[in-house]
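Hi,

Here is the structure I promised to send over. Have a look at it first, and my notes follow underneath.

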Amino acid sequence: IGLDGKIERTQWTYNTALMLRANIGLYRAANDKKYLIEAQRIARASEKEFVNPKTGAFRDDALFSHLLVEAFLDLYAVTKEPYLWE
């Protein structure tokens, strides 16, 4: 939120990656499935938002997509869900 009260609504891959990795970390630390479920929800939603279904390329005008790719790989290490690797 800016000083003028305007809310910036841009969705960034690095914000999504941070929340995804936080939930993976909480799952590993607490062994509580709710964090894994939330991580999976975030990953699926971000795939729809940031991945071009025709090319498989990540979209991010600010060039932070590598952070989301790393978060996907981190989740893959836990779940082995194929869509995270392909």
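Where is phenylalanine 58 found? This residue is in the loop between α2 and α3. One caveat before going on: this is a predicted model.

Staying with that loop residue for a moment, phenylalanine 58 has 26% relative accessibility, so it counts as partly exposed. Leaving aside neighbours within four places in sequence, phenylalanine 58 is in contact with Phe50, Val51, Ser65, Leu68, Val69 and Phe72. Serine 46 is twelve residues from phenylalanine 58 in sequence, and their C-alpha atoms are 9.9 Å apart.

Now the overall picture. The protein chain has three helices and zero strands, giving the pattern α-α-α along the sequence. Its C-alpha atoms fill a box of roughly 40 × 35 × 15 Å along the principal axes. Of the 86 residues, 28% are buried. The exposed surface is about 6100 Å², with carbon and sulfur atoms supplying 56% of it. Looking at contacts between residues at least 6 apart in sequence, 62% join residues at least 24 apart.

On to the core. The largest nonpolar one has 15 residues, and Leu20, Ala43, Leu68, Phe72, Leu75 and Leu84 are those with the most contacts inside it. The elements giving two or more residues to this core are α1 (13-30), α2 (33-50) and α3; α2 supplies the largest share, five residues. If you want one residue to click on, try leucine 75: leaving aside neighbours within four places in sequence, its contacts are Leu20, Ile24, Leu36, Ala39, Gln40, Ala43, Lys80 and Leu84.

And the aromatics. There are four aromatic pairs in total. One of them joins phenylalanine 72 and tyrosine 83, with 6.4 Å centre to centre and 70 degrees between the planes. Why is this pair edge-to-face? The planes are over 60 degrees apart, so the pair counts as edge-to-face. Phenylalanine 72 belongs to helix α3 (residues 65-79), whereas tyrosine 83 lies in the segment after α3, eleven residues apart. Both partners are buried: phenylalanine 72 because its relative accessibility is 4%, tyrosine 83 because its own is 14%.

Tyrosine 83 has another partner too: the charged end of arginine 44 sits over its ring, 3.5 Å from the centre. Separately, Trp12, Tyr14 and Phe64 form one aromatic cluster.

Cheers

Methods. Residues numbered from 1 in each chain as written. Predicted model: local features only at pLDDT ≥ 70, side-chain atom pairs only at ≥ 80, totals over all residues. Heavy atoms only, no water. Phe/Tyr/Trp six-rings, centres within 6.5 Å; stacked < 30°, edge-to-face > 60°. Helix = DSSP H or I, 4+ residues; strand = E, 2+ residues; numbered from the N terminus. Buried < 20%, exposed > 50% of the residue type's maximum accessible area, 1.4 Å probe, protein only. Lys NZ or Arg CZ within 6 Å of the ring centre and 35° of its normal. Core = buried A, V, L, I, M, F, W, Y, C linked by side-chain atoms within 4.5 Å. Contact = heavy atoms within 4.5 Å. Areas by Shrake-Rupley, 256 points an atom, 1.4 Å probe, with all protein chains shown as cover.
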